[in-house]
Amino acid sequence: LAVPAVNRGGEGGNVYVASTGKFIMNGGTITGNIAQSGGGGGVVVGYSDWDTYEFFAGRFEMYDGVITGNRATAGEDYYIGYGGGVNIYEGTFCLCGGEISNNHADGQGGGVYVSFGWNGTGMVASGDPVVKDNTRGTGAVPETDNVAIEHWGDYCVITIGDEGLDPEASIGVSVYNAMNYDTLEKIPCLEPFTSGLSDNGG
């Protein structure tokens, strides 16, 4: 099953999950989508209303399938151009299998972008997922950027599930300071999980 491509003018490409919604992906392909003025080319989870300070969380569970060839393009607003394949604004992304590859973000997180969030937002990885060959940037030579985690203060938003990661799993993680998106930082609270994360180019 291939999900038809969608070129959206707002937040998110093909799948938008918010307000306690849940999206479970057990197979198929999400490909060829463009978020033209918002984050998340393939899948967006959650919504933040910064005018009212209301935050609406969703949940995305990926067990199999492929998210590939999607793009989040840049703009002037906060978070625009983040998360070429998947963008987690508010909520949880359970990455337990499947492949996220060859997506691009003009901002951060070519494959996956995870915000620091306000509702327990985060990413839980287990099983045998592969996140590879995703890129970011607007320059002539894009940079490898598979999973980008936004860090602010004590917020730490990636954990390894109880089942652990299989040897076949491949996830490259970059951690960004939420107050300066050009700054890469190594966050102490990630230390216990580095043995389960591959060196896959960030």
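Student: In this predicted model, which strand holds S126?
Tutor: The model is a prediction. Look for the strand spanning residues 122-127. S126 falls within that range, in strand 16.

Student: Is S126 buried or exposed?
Tutor: Its relative accessible area is 7%. The cut-off for buried is under 20%. So S126 counts as buried.

Student: How many of the six residues of strand 16 are buried?
Tutor: Strand 16 is mostly covered. Of its six residues, the number buried is five.

Student: Which residues does S126 touch, leaving out those up to four places away in sequence?
Tutor: One group of contacts includes L95, C96 and G97. Another includes G161 and E163. The list is completed by G164 and L165.

Student: How far apart in space are S126 and D162, C-alpha to C-alpha?
Tutor: In sequence, 36 residues separate S126 and D162. In space, their C-alpha atoms are separated by 7.6 Å.

Student: In what sense does strand 16 pair with strand 12, and with strand 21?
Tutor: Strand 12 covers residues 91-95 and pairs with strand 16 over four bridges. T92 has G122 of strand 16 as its bridge partner. Strand 21 covers residues 158-165 and also pairs with strand 16 over four bridges. For strand 12 the sense is parallel, and for strand 21 it is parallel.

Student: What is the bridge partner of M123 in strand 21?
Tutor: Strand 21 runs over residues 158-165. The partner of M123 there is I158.

Student: Which residues are joined with E61 into one salt-bridge network?
Tutor: E61 and K22 form a salt bridge at 3.9 Å, N to O. E61 lies in strand 9 and K22 in strand 4, so this bridge ties together parts 39 residues apart in sequence. R59 and E61 form another, at 2.6 Å. Shared partners thus join E61 with K22 and R59.

Student: Is K22 buried or exposed?
Tutor: Its bridge partner E61 is buried, at 8% relative accessibility. R59 is partly exposed, at 31%. K22 has 53% relative accessibility, and the cut-off for exposed is over 50%. K22 is exposed.

Student: Which residue forms a salt bridge with R136?
Tutor: The closest N and O atoms of the pair are 3.4 Å apart. R136 and its partner are both buried. That partner is D145.

Student: Which side chain makes a polar contact with the side chain of Q108?
Tutor: Q108 sits in the loop between strand 14 and strand 15. Q108 is buried, with a relative accessible area of 4%. The contact spans 3.2 Å, and the partner is R136.

Student: How many aromatic pairs are there, and what is the geometry of F23 with F60?
Tutor: The count is three aromatic pairs. F23 and F60 have their ring centres 5.0 Å apart, with 15° between the planes. F23 is in strand 4 and F60 in strand 9, 37 residues apart. The geometry of F23 with F60 is stacked.

Student: Which residues form the aromatic cluster with F93?
Tutor: Two residues of the cluster are themselves buried. With F93, the cluster takes in F23 and F60.

Student: What geometry do the rings of Y82 and Y113 have?
Tutor: Both residues are buried. The ring centres are 4.7 Å apart and the planes stand at 80°. The cut-off is over 60 degrees, so the pair is edge-to-face.

Methods. Residues are numbered from 1 along each chain as its sequence is written. This is a predicted model: local features need pLDDT of at least 70, side-chain atom pairs count only at pLDDT 80 or more; totals for chains, interfaces and linings use all residues. Side-chain values use heavy atoms; hydrogens and water are left out. A salt bridge is a side-chain nitrogen of Lys or Arg within 4 Å of a carboxyl oxygen of Asp or Glu. Helices (H or I, at least four residues) and strands (E, at least two) are DSSP runs, numbered from the N terminus. Buried means under 20% relative accessible area, exposed over 50%, partly exposed in between (1.4 Å probe, protein chains only). Contact means heavy atoms within 4.5 Å. Two strands pair if DSSP finds at least two bridges between them. A polar contact is a pair of N or O atoms within 3.5 Å; within protein, one must be able to donate a hydrogen and the other to accept it, and residues adjacent in sequence count only if both atoms are side-chain atoms. Rings of Phe, Tyr and Trp (its six-membered ring) pair if their centres lie within 6.5 Å; planes under 30 degrees apart count as stacked, over 60 as edge-to-face and the rest as tilted.
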